[in-house]
Amino acid sequence: MNQYKIPLNVCYIIGSLRVGGAEKQCINVLNTLQSDRKYIILLSSASCEDLSCLLDKGVVVHRISARLRYLPYYIIKLILYIKKENINVVHTHMFWSSVYGVVAAKLARVPVIITSEHGLNPWKHRIHNLIERWLLTPLVSVRICVSNDIMMNRIKEDNIPRHKLTLIPNGTQVKVLNLKRSFPKTIKIIAVGRLVPAKDYITLIKAMEILLESFDKFELTILGDGPLMKKLQSSILNKSLQEYVKLVGNIDNVNQWLEESTIYVMTSVTEGQPMSLLEAMAVGLPIVATNVGGIPETVEEDHEALLVDSKQPHLIAEAILKLINNIEFAQQLGMNASKRVNSDYSIESVCKRLETLYLHELQNN
């Protein structure tokens, strides 16, 4: 029983559990969170990318294949389920899930309603900002941001009052490893993330072409799938890099791939607080990343990672070469990053903050 002596029945609402940072975070939190009952409502049907099998058996999964054109109908279905299960904390993730979940939770008289955004959402138009400001924000207890960058964006773009916002970063599983990495003859570079424009893998492939001019004992593996698969495959072929760059699609054992790699690279042009970055830190990988979004909040430049400007392939190549040519420095970066993730971004510490927030809000409602 928690210190407030209040039953804690938490329900997460998200569009799906496909491969992605926000989805991984929901799974990590629900598997670790200390509450009386835990639920997750998915607003889509199961797919081949679905990760719900990673949830502990104690988490109840409920699916509602929602369609926006029938919004009132699906909100009613959510209301009935929330009431039936006596849920007292609803936590929604990302914009459209919040539209469904926040309205339904309010009509179901849920005492605590919380939202999380995991990115800057540059796709939003004025109508989305108005929904944020005039519908969602007045109905919620707290709106969580995973980075200061996202918080400032929500204040500026969505006009959300500062007192409604709180900062709670993402968290990841941390385990003790031999973090002083050896550098094999063939350097294994790894990148993780969906094949979408925001990850800017075109720049990463160009960086490999530049790196090849100075060093040819490497292989880059990109884990992830997405709409740019064919375009990236064509770029690799056009640059004759098929011997050096591999696209392997979605895989289940990301951590094993990270543990077997030498250097982690992230070339994003926009980010919230990337889960794959935290996972790379957790296994002590030396990191090269772009200085965008929540990345510089997560790792300290030149102490825990090498940070460079986005869309600059020559800078990416130079940073990788710096690590290859200075193994002791690279190892120290990885060890420093691992210490940081242990102290600030373990899933246990993040869940404690969430539990405290939920119970505090319940006590005050």
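The following legends describe close-up views of a predicted model.

**View 1. A nonpolar patch on the surface involves Leu68, Trp96 and Trp123.**
Together, the side chains of Leu68, Trp96 and Trp123 make a nonpolar surface patch of about 300 Å². Leu68 belongs to the loop between strand E3 (59-63) and helix H2 (71-84). With a relative accessible area of 45%, Leu68 is partly exposed, because partly exposed residues fall between the limits of under 20% for buried and over 50% for exposed.

**View 2. Helices H2 and H3 pack obliquely.**
The axes of H2 and H3 are 8 Å apart and meet at an angle of about 55°. This angle makes H2 oblique to H3. The crossing of the two helices, H2 and H3, is right-handed.

**View 3. Arg109 is an exposed loop residue.**
Arg109 is placed in the loop between helix H3 (95-107) and strand E5 (112-117). Its relative accessible area is 77%, so Arg109 counts as exposed. Arg109 and Ile79 are 30 residues apart along the chain, and their C-alpha atoms are separated by 9.1 Å.

**View 4. A salt bridge between Lys24 and Glu279 ties helix H1 to helix H9.**
The closest N and O atoms of Lys24 and Glu279 are 3.3 Å apart. Lys24 lies in helix H1 (residues 21-32) and Glu279 in helix H9 (residues 275-282), so this salt bridge ties together parts that are 255 residues apart in sequence. Lys24 has a relative accessibility of 17% and therefore counts as buried, the limit for that class being under 20%. Glu279 is also buried, with a relative accessible area of 8%. This pair belongs to a structure that holds 14 salt bridges.

**View 5. Glu132 and Arg154 form a buried salt bridge.**
In the pair formed by Glu132 and Arg154, the closest N and O atoms are 2.7 Å apart. Distant parts of the chain are linked here, with Glu132 in helix H4 (residues 126-139) and Arg154 in helix H5 (residues 148-158), 22 residues apart. Glu132 is buried at a relative accessible area of 0%, and Arg154 is buried at 2%.

**View 6. Glu271 and Lys199 meet in a salt bridge between two loops.**
The N to O distance between the side chains of Glu271 and Lys199 is 2.5 Å. Glu271 lies in the loop between strand E11 (263-266) and H9, while Lys199 lies in the loop between strand E8 (187-192) and helix H6 (201-211), so parts that are 72 residues apart in sequence are tied together. Glu271 and Lys199 are both buried.

**View 7. Shared partners join several salt bridges into one network.**
The residues of this network are Glu117, Lys124, Glu132, Arg143, Arg154 and Asp158. Two of its members, Glu132 and Arg154, form the salt bridge shown in View 5.

**View 8. Glu259 in helix H8 is partly exposed.**
Glu259 is found in helix H8 (residues 254-259). The relative accessible area of Glu259 is 28%, which means that the residue is partly exposed. Glu259 and Ala282 are 23 residues apart in sequence, and the distance from C-alpha to C-alpha is 9.5 Å.

How values were computed:
Residues are numbered from 1 along each chain as its sequence is written. This is a predicted model: local features need pLDDT of at least 70, side-chain atom pairs count only at pLDDT 80 or more; totals for chains, interfaces and linings use all residues. Side-chain values use heavy atoms; hydrogens and water are left out. Patches are made of residues with over 30% relative accessible area and no salt bridge: like charges are joined within 9 Å, nonpolar side chains (Val, Leu, Ile, Met, Phe, Trp, Tyr) within 5 Å. Accessible areas come from the Shrake-Rupley method with a 1.4 Å probe; for residues, only the protein chains shown count as cover. A salt bridge is a side-chain nitrogen of Lys or Arg within 4 Å of a carboxyl oxygen of Asp or Glu. Helices (H or I, at least four residues) and strands (E, at least two) are DSSP runs, numbered from the N terminus. Buried means under 20% relative accessible area, exposed over 50%, partly exposed in between (1.4 Å probe, protein chains only). Axes are lines fitted to C-alpha atoms, for helices over the stretch in contact, and angles run from 0 to 180 degrees between N-to-C directions. Angles under 35 degrees count as roughly parallel, over 145 as roughly antiparallel, 65 to 115 as roughly perpendicular and the rest as oblique. A crossing is left-handed if the near helix is turned anticlockwise from the far one by less than a right angle, and right-handed if clockwise.
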